[in-house]
Amino acid sequence: MRYYFLGIAGTAMASVAVLLKKKGHEVWGTDTGIYPPMSDFLEENQIPVKQGFSVDNLKQKFDYAVIGNAMTRGNEEVEYILNNKLPFISMTELIRNEFIQSHRNIVITGTHGKTTTTALMSWVLETAGLSPSFLVGGIAKNFDSSVQLGNGEHFVIEGDEYDSAFFDKRPKFVHYFPDYLVINNIEFDHADIYNNLDEIKDAFRKMIRTLSTEALIIANADSPAVNEVLDPVYSRLQMFGNASANDWSYEIEKNGDFFILQKGVKVKEEPFSFPFPGEFHVQNATAVAAIAYDIGISWEDIANAFETFESVKRRQEYWGKWHGADVYDDFAHHPTAIKVTLEAMKKKFPERRLVALFEPRSNTTVRNFFQDELADALSVSDEVLITPLHRLEKIAVEDRLSITKVVDTIKEQGVEALLIDNYDEIIPATQNVIKEDDIFILLTNGNMGGNYSKLRDVVQGE
């Protein structure tokens, strides 16, 4: 088959494109604003990418145009495809047709931690010799890839609640029919398509109704919203959390190692070791362990996978030293994820000054819904720099996040904060702030107006 991708440089779209090529299909695509790591990933896999949308791109014959959910009516290629009745498909329907129907599917859902947990689940299966196929929303370092076409029966994928396409407003995860489902947490997000948390919870309820009676749901007992979507459940259900009364729980040692307990009993005498700090990572690992146990993987293989897990690029990824500071990159953009990330860094480096650079970029954080929560999360740092709002012109004035108010609120909590007026000032402003022995962390799910790559090159070139 010949697949032409509109919006190919998105994290999920690029990953699916590579997975299809590994399966033997012919794949190419187009996009704008193409940047690492997915631009590098497409190039490494020799997938042709055109810069910019044009009807001329459609002259090369294809069997299906794969239309990403970033595409909207008004795009000239989209309009030409519709006007001329050319065959098109959403990415999620394509995944269902090509992969879901032929595998036992492990779907990782929740507002936070999907990518890391998906990568960890895939690594546990790989370590156990089960050769999974997987689709991760980032580059899993253990595989140096966001995809794998394995020869085993399992397919591991993130279950995103975002919509599938402009012509299919259902959440992506309703297409994935899990045999195993993890629900890590549920909070309000995606303010561009959901009006409130209740609408998100309703999307999860609808997805849960698609599961078979033999499917297994592993759900976070410590998330109130998760508990609210679990009625009714027609599948097997196991709860995990920090209380020993749960089906699965954990106990964290002072050094960060942890025990996993099944119905209050430790599954092995020695603790598990995990390379990344914080209770949030232990929660993810416990959910993965519950599925691995049900599949039949030994605790020794699970422990080995945990200890050797290398996470995902742009998740607390170390870049190197810059002006004497250690520089990390993280994809965190929701206030909860930001706070968890910063608290983990504080715990890991308690004696060092923590400086955060945050880009308000996601469709939720450019709006004023989380005005106070963002200030609270960023105040975990010792000093904060905030870039301009991404795509300011597309957000109504009354709906926009007020960066000035965020900065003022942070200062009221005794933390230094600086608003960077334009993207080109990011590097010089940062140079003026960071000091010897600082921990400096970037928090963005984008490219900071092109300065993400520039800053990475500066840091890694020093």
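Q: How much space lies in the second largest pocket, and how is a pocket found?
A: Rolling a probe the size of a water molecule over the atoms shows where empty space is left. Here a 1 Å grid is laid over the protein atoms alone, and a pocket is an open set of points where a 1.4 Å probe fits, with protein on both sides within 12 Å along at least five of seven lines. Grid points are joined across faces, edges and corners, and a volume is the space filled by probe spheres set on the points. In this predicted model, the second largest pocket holds about 470 Å³ of space.

Q: Which residues are closest to the centre of that pocket?
A: Lining residues have an atom within 4 Å of a point. There are 21 of them, and the closest to the centre are E187, F280, Q283, T336 and V340. Three elements give two or more residues to the lining: α7 (224-228), α8 (279-295) and α10 (335-348). The largest share, 5 residues, comes from α10.

Q: What should I keep in mind about numbering and confidence?
A: Residues are numbered from 1 along each chain as its sequence is written, and side-chain values use heavy atoms, with hydrogens and water left out. The model is predicted, so local features need pLDDT of at least 70 and side-chain atom pairs count only at pLDDT 80 or more, while totals for chains, interfaces and linings use all residues.

Q: What is the strand order in the open sheet of 6 strands?
A: Strands (E, at least two residues) and helices (H or I, at least four) are DSSP runs, numbered from the N terminus. Two strands pair if DSSP finds at least two bridges between them. The order is β18-β19-β23-β20-β21-β22, with mixed pairing. The edge strands are β18 (317-322) and β22 (416-419), each pairing on one side only. From one strand to the next, the twist averages 20°.

Q: Which bridge partners show how the strands pair?
A: Take β23 (439-443). It pairs in the parallel sense with β19 over 5 bridges, where Y328 has I441 as its bridge partner. β20 and β23 are also parallel, over 5 bridges, and there L357 is matched with L442. Next, β20 (residues 354-358) and β21 (residues 383-386) pair in the parallel sense over 4 bridges. The partner of V355 in β21 is E383.

Q: Are the faces of β23 buried or exposed?
A: In a regular strand the side chains alternate between the two faces of the sheet. Buried means under 20% relative accessible area, exposed over 50%, and partly exposed in between (1.4 Å probe, protein chains only). Both faces of β23 are covered. I439, I441 and L443 are buried on one side, F440 and L442 on the other. That makes 5 of its 5 residues buried.

Q: Which helix lies across β18, β19, β20 and β23?
A: Axes are lines fitted to C-alpha atoms, for helices over the stretch in contact, and angles run from 0 to 180 degrees between N-to-C directions. Helix α14 (residues 451-461) lies across these strands, at about 60° to β18.

Q: What does V327 touch?
A: Contact means heavy atoms within 4.5 Å. V327 sits in β19. Because its relative accessibility is 0%, V327 counts as buried. Beyond residues up to four places away in sequence, V327 touches E317, Y318, W319, G320, W322, F440, L442 and V459. V327 and Q460 are 133 residues apart in sequence and 9.6 Å apart in space, C-alpha to C-alpha.

Q: Where do the buried residues of helix α3 pack?
A: Helix α3 (residues 76-83) has E77, V78, E79 and I81 as its buried residues. They pack against β1 (2-6), β2 (26-31), β4 (64-67) and β5 (88-90). At the start of α3, a side-chain oxygen of N75 reaches to within 2.9 Å of the backbone nitrogen of E77. Just after α3, K85 takes a positive phi of about 55°.

Q: Which polar contact does the side chain of S146 make?
A: A polar contact is a pair of N or O atoms within 3.5 Å; within protein, one must be able to donate a hydrogen and the other to accept it, and residues adjacent in sequence count only if both atoms are side-chain atoms. S146 lies in β8 (residues 145-148). The side chains of S146 and S15 are joined by a polar contact of 2.6 Å. S146 counts as buried, at 0% relative accessibility.
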